[in-house]
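Trainee: Got a minute to go through this model with me? I'd like to take it piece by piece.

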Amino acid sequence: MRNETIAIHGGYEPDPTTKSVAVPIYQTVAYAFDSADHGAALFNLEADGFRYSRIANPTTSVLEKRIADLEGGVGALAVATGQAALHFAFVNVADGGGNIVSVPQLYGTTHTLLGHVLPRQGIGGRFADSDQPDAIERLIDENTKAVFAETIGNPAGNICDIEALAKVAHRNGVPLIVDNTVATPILLRPFEYGADISVHSLTKFLGGHGTTLGGAIVDSGRFPWKSHADRFPAFNNPDASYHGLVYADRFGPKAYIERARSVYQRTMGSVLSPFNAFLLLQGIETVALRVERHVENARKVAEFLRNDRRVAWVNYAGFPDSPYYALARKYLNGNSSSLFTFGIKGGMEAGKSFYDSLKLITRLVNIGDAKSLACHPASTTHRQMSAEQQRMAGVLPETIRLSIGIEHICDIIEDIEQALSKATAQPSLQAAE
Ligand SMILES: Cc1ncc(COP(=O)(O)O)c(C=O)c1O
């Protein structure tokens with residue numbers, strides 16, 4: 001970056017104490033060029049630097065580097081929301097047509113994106129019967145462009161066998177794209193198990209305070225686009241919209257992420273505001289500490305609920321009788337996410353009453369906030385799905401999803417205790433016990 005030039009024309013001023021260091025003084029959308037040749041080199045992607053804030057911004061760029069480092073990737077692209085990141089991640093591999101094969105346990109809006117919106121743009125979303133690798137492999141064909149999974153499903157809490165899914169994807173010549181929002185790189189680094197692309201809603205644990213939307217795509221740099229040139233011509237053939245650039249040749253291991261920026265961020269502009277990038281950077285400074293406390297609190301709440309006679313079931317991967325216990329040990333170091341579901345005795349009516357009685361735990365649809373949150377997925381996040389699709393996504397009519405925060409554990413449990421008491425105090429529900 002040419003500090004001197006930016007200092008004069010691009011919103012930076014030289015620091016009078018050091019002369020050589022530039023400090024930002026105001027916000028700008030564009031960055032001055034030294035000359036026509038310098039501008040041309042930036043536009044040709046031959047020189048590093050900034051030209052226009054829709055494509056890259058110095059503050060957002062720091063966020064991208066940090067997320068790429070946390071995941072162990074070669075590069076990242078920050079965008080306005082997690083959904084924008086998912087959209088770009090899918091179209092970047094499949095924009096000539098084809099299909100994405102996915103596990104069924106997904107966040108509701110991602111299910112809608114794959115099942116309804118992308119198909120209208122010529123990209124099919126195929127949902128397997130389960131998250132098992134053989135169920136995924138059965139759906140892959142010559143038009144498949146990627147396998148997709150949430151490393152920990154929201155809200156199902158299923159833990160995907162990333163290593164096995166990566167093997168299936170690679171044996172069929174396609175990348176494994178994962179949404180690592182719920183796990184975060186603090187609990188799980190998917191590239192270490194063979195995933196190729198990782199997507200995040202930064203809105204959740206990484207930001208951590210429920211104040212700021214953001215999304216990111218991270219590239220492991222390991223998928224061999226050149227070895228699969230027939231399936232992925234967009235990375236291997238000259239791009240007419242970018243004066244004949246061949247992404248795999250020009251960017252090597254960064255081909256995927258640089259194409260996402262040059263094609264999608266440039267033309268569709270789902271830009272993360274630099275101020276939001278700054279807020280998300282603040283969140284990332286404490287994410288490791290917060291996740292530790294989230295996980296510790298969630299285990300105590302899950303244990304409390306399991307031992308309570310008013311509770312019908314608790315779906316928590318950290319219990320040895322969970323079908324995901326072995327995967328929790330393998331991928332999460334024996335930990336489990338602070339996002340989990342449970343059902344109260346008395347079904348839907350009791351569940352609603354419990355939900356309405358919460359005082360400390362907030363009723364809203366976000367997750368990963370420092371504050372404890374609760375949601376009723378069947379009536380909100382997963383409302384657009386059929387009853388069968390809800391069941392496959394891990395949502396029953398009575399399901400309550402908890403995102404346990406970092407408050408004092410006694411306060412969280414006291415709130416749950418009083419809400420359970422109110423919910424089961426009604427005579428009709430006592431009869432159901
Ligand atoms: C797992 C997962 N991925 C993606 C998203 C979408 O993120 P955003 O709200 O930032 O668009 C969410 C939102 O809840 C989510 O839970």
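**Talking through the model**

Mentor: Let's start with a loop residue: with 9 C-beta neighbours inside 10 Å, His243 counts as exposed. Keep in mind that this is a predicted model.

Trainee: OK, and in which loop does His243 lie?

Mentor: Look for helix 9 (233–236) on one side and helix 10 (247–251) on the other. His243 is also a backbone oddity, with a positive phi of about 35 degrees although it is not a glycine. Most residues other than glycine have a negative phi. So the loop you want is the one between helix 9 and helix 10.

Trainee: Asn333 has a positive phi too. Is Asn333 buried or exposed?

Mentor: Its phi is about 60 degrees, and Asn333 is not a glycine either. You'll find Asn333 in the loop between helix 13 (325–331) and strand 11 (339–344). The cut-off for exposed is 12 or fewer other C-beta atoms within 10 Å. Asn333 has 10 of them, so Asn333 is exposed.

Trainee: Which peptide bond is cis?

Mentor: Most peptide bonds are trans. Go to the loop between strand 6 and helix 7 (162–171), where Pro155 is found. With omega near 10 degrees, the cis bond is the one from Asn154 to Pro155.

Trainee: How far apart in space are Asp141 and Asn172, C-alpha to C-alpha?

Mentor: Asp141 is found in the loop between helix 6 (133–137) and strand 6 (144–150), and counts as exposed with 11 C-beta neighbours inside 10 Å. Along the sequence, Asp141 and Asn172 are 31 residues apart. In space, the C-alpha to C-alpha separation is 8.2 Å.

Trainee: On to the interior. Between which domains does the largest nonpolar core lie?

Mentor: That core has 111 residues, and Val147, Leu165, Ala216 and Ile217 touch the most other members. Helix 4 (residues 82–94) gives the largest share, 9 residues. Since both domains give residues to the core, it lies between domain 2 (56–275) and domain 3 (287–432).

Trainee: How many residues does domain 3 bring to the contact with domain 2?

Mentor: The centres of the two domains, taken over C-alpha atoms, are separated by 28 Å. Domain 2 puts 29 residues into the contact, and these divide into 15 nonpolar, 12 polar and 2 charged. The count from domain 3 is 32 residues.

Trainee: Which residue in strand 9 does Gly75 stand opposite?

Mentor: Gly75 belongs to strand 3, where Gly75, Leu77 and Val79 on one side and Ala76 and Ala78 on the other are all buried. Strand 3 pairs with strand 9 (residues 215–219) in the antiparallel sense, over 5 bridges. Opposite Gly75 stands Asp219.

Trainee: Which strands stand at the edges of the open sheet of 5 strands?

Mentor: The order is 10-11-14-13-12, with mixed pairing. Each edge strand has a single partner strand, so one side of each is left without a neighbour in the sheet; these are strand 10 (311–315) and strand 12 (362–363).

Trainee: Last one: how many of the residues around the ligand are charged?

Mentor: The ligand is surrounded by 15 residues, and the closest are Thr81, Gly82, Gln83, Ser201 and Thr203. By type, this shell has 4 nonpolar and 9 polar residues, and the number of charged ones is 2.

Key:
Residues numbered from 1 in each chain as written. Predicted model: local features only at pLDDT ≥ 70, side-chain atom pairs only at ≥ 80, totals over all residues. Core = buried A, V, L, I, M, F, W, Y, C linked by C-beta atoms within 7 Å. Buried ≥ 20, exposed ≤ 12 C-beta atoms within 10 Å, placed from the backbone. Helix = DSSP H or I, 4+ residues; strand = E, 2+ residues; numbered from the N terminus. Domains from an automatic or database assignment. Near = placed C-beta within 6 Å. Nonpolar A, V, L, I, M, F, W, Y, C, P; charged D, E, K, R; others polar. Contact = placed C-beta atoms within 7 Å. Pairing = 2+ DSSP bridges.
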